[in-house]
Amino acid sequence: MPVEVTWWGHATCTIEDSGVRVLTDPLFVRRFAHLRRRRGELPAPEAAVADVVLVSHLHSDHLHLPSLARLAPGSRLIVPTGAVRSVPGLRVLRSVRGLRINEVSPGDVVPVGAVRVRAVPALHDGRRLPVGPHRSPALGYVVEGEARTYFAGDTGLFDDMARAVGPVDVALLPVGGWGPHLGHSHLDAGRAAQALARLAPRSAVPVHYGTYWPIGMDGVRPHEFHSPGDEFVRKAALLAPEVTVHRLSHGEHVWPEAAR
């Protein structure tokens, strides 16, 4: 059966490969901190069903404790090294909900059923902000089964990205953010298209855009909220024309390999 990818919004995706259901950076709330969900319905309860959950880094829109609390008791969680020490709430979830937590660093491989999850580097501040010490790396992950699916988490473009990530068939790449300004440790649509050209997968899905936006900033650079997906499609066609790009709506799924 071909690999299936569902985008629930922001960086939350489900990857189904070889009978294994992988969930990334779950975020299942309409509002938190200074952000509110401006597009797409909240993910259905089925979104929280997973054989393993991948957390790319410790920022609260990627490691969101209330969303992790919705996972089934005993769920398996893969997080960056140092996460349990830096985020005490993980210890609570491990104790109360029985979450099975694996801490990993770049290069580590975790078998999950018929797939392998390989941790790869990311160029991003991995700390638990605003005051956490820099104890945990930001990571991406490659899910290796019938296909090799790269979930980049949050990352900037870095020189040896293609070597560090390795050959992949499908790339889930961030193309925006939740604010009008993105620094070098993020991918915007243009840098994501450059990353796509370096990685050279068969298929790509843009994520991490068009979902959350700061409260009270609806009129501030609204194109930064609405346009990154379409902009990535256009720039990818120029820089990586051999890659099939699937721009999904919230809750939509695709079989990237079968859709080629």
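This report walks through the fold as a whole, one pair of helices and a handful of single residues.

## The chain as a whole

First things first: this is a predicted model. The chain holds seven helices and 17 strands. Its C-alpha atoms fit in a box of roughly 50 × 45 × 35 Å along the principal axes.

How does the radius of gyration fit with a compact globule? For 260 residues, such a globule would come out near 18 Å, and the chain has 17 Å, so the two agree. On the inside, 56% of the 260 residues count as buried. Long-range contacts show up too: take the contacts between residues at least 6 apart in sequence, and 67% of them join residues at least 24 apart.

## Where H5 meets H7

Have a look at helix H5, residues 189–199, and helix H7, residues 228–239. Their axes come within 8 Å and cross at roughly 40°, which makes H5 oblique to H7. As for handedness, the H5 and H7 crossing is right-handed.

Which residues do the touching? H5 brings Ala-189, Gly-190, Ala-192, Ala-193, Gln-194, Leu-196 and Ala-197. On the H7 side, they meet Pro-228, Glu-231, Phe-232, Lys-235, Ala-236 and Leu-239. Sorted by class, this H5 and H7 contact has nine nonpolar, two polar and two charged residues.

## Pro-174, tucked into a strand

Pro-174 sits in strand S13, which covers residues 170–174. Is Pro-174 buried or exposed? Its relative accessible area is 1%, under the 20% cut-off, so Pro-174 counts as buried.

Setting aside neighbours within four places in sequence, Pro-174 is in contact with Ala-152, Gly-153, Asp-154, Thr-155, Leu-187, Ala-192, Val-207 and His-208. One of these, Ala-192, also appears on the H5 side of the contact with H7. Another, Thr-155, is 19 residues from Pro-174 in sequence, and their C-alpha atoms are 7.8 Å apart.

## Two loop residues with positive phi

His-10 has a phi near 50°, a positive value in a residue that isn't glycine. You'll find His-10 in the loop that links strand S1 (4–9) and strand S2 (12–17). His-10 is buried, at a relative accessible area of 3%.

Ala-200 also isn't a glycine, and its phi is positive as well, at about 55°. The loop this time runs between H5 and strand S14 (203–207). Ala-200 is partly exposed, with a relative accessible area of 45%.

## His-246 and Arg-94

His-246 belongs to the loop between strand S16 (244–245) and strand S17 (253–254). With a relative accessible area of 11%, His-246 is buried. How far is His-246 from His-10 in sequence and in space? The two are 236 residues apart along the chain and 15 Å apart from C-alpha to C-alpha.

Over in helix H3, residues 88–96, there is Arg-94. Arg-94 is partly exposed, with a relative accessible area of 39%. Leaving out neighbours within four places in sequence, Arg-94 is in contact with Val-84, Leu-99 and Ile-101. Arg-127 lies 33 residues from Arg-94 in sequence, with 20 Å between their C-alpha atoms.

Key:
Residues are numbered from 1 along each chain as its sequence is written. This is a predicted model: local features need pLDDT of at least 70, side-chain atom pairs count only at pLDDT 80 or more; totals for chains, interfaces and linings use all residues. Side-chain values use heavy atoms; hydrogens and water are left out. Axes are lines fitted to C-alpha atoms, for helices over the stretch in contact, and angles run from 0 to 180 degrees between N-to-C directions. Helices (H or I, at least four residues) and strands (E, at least two) are DSSP runs, numbered from the N terminus. Angles under 35 degrees count as roughly parallel, over 145 as roughly antiparallel, 65 to 115 as roughly perpendicular and the rest as oblique. A crossing is left-handed if the near helix is turned anticlockwise from the far one by less than a right angle, and right-handed if clockwise. Contact means heavy atoms within 4.5 Å. Ala, Val, Leu, Ile, Met, Phe, Trp, Tyr, Cys and Pro count as nonpolar, Asp, Glu, Lys and Arg as charged, and the others, Gly among them, as polar. The radius of gyration is taken over C-alpha atoms; the globule rule is 2.2 Å times the number of residues to the power 0.38. Buried means under 20% relative accessible area, exposed over 50%, partly exposed in between (1.4 Å probe, protein chains only).
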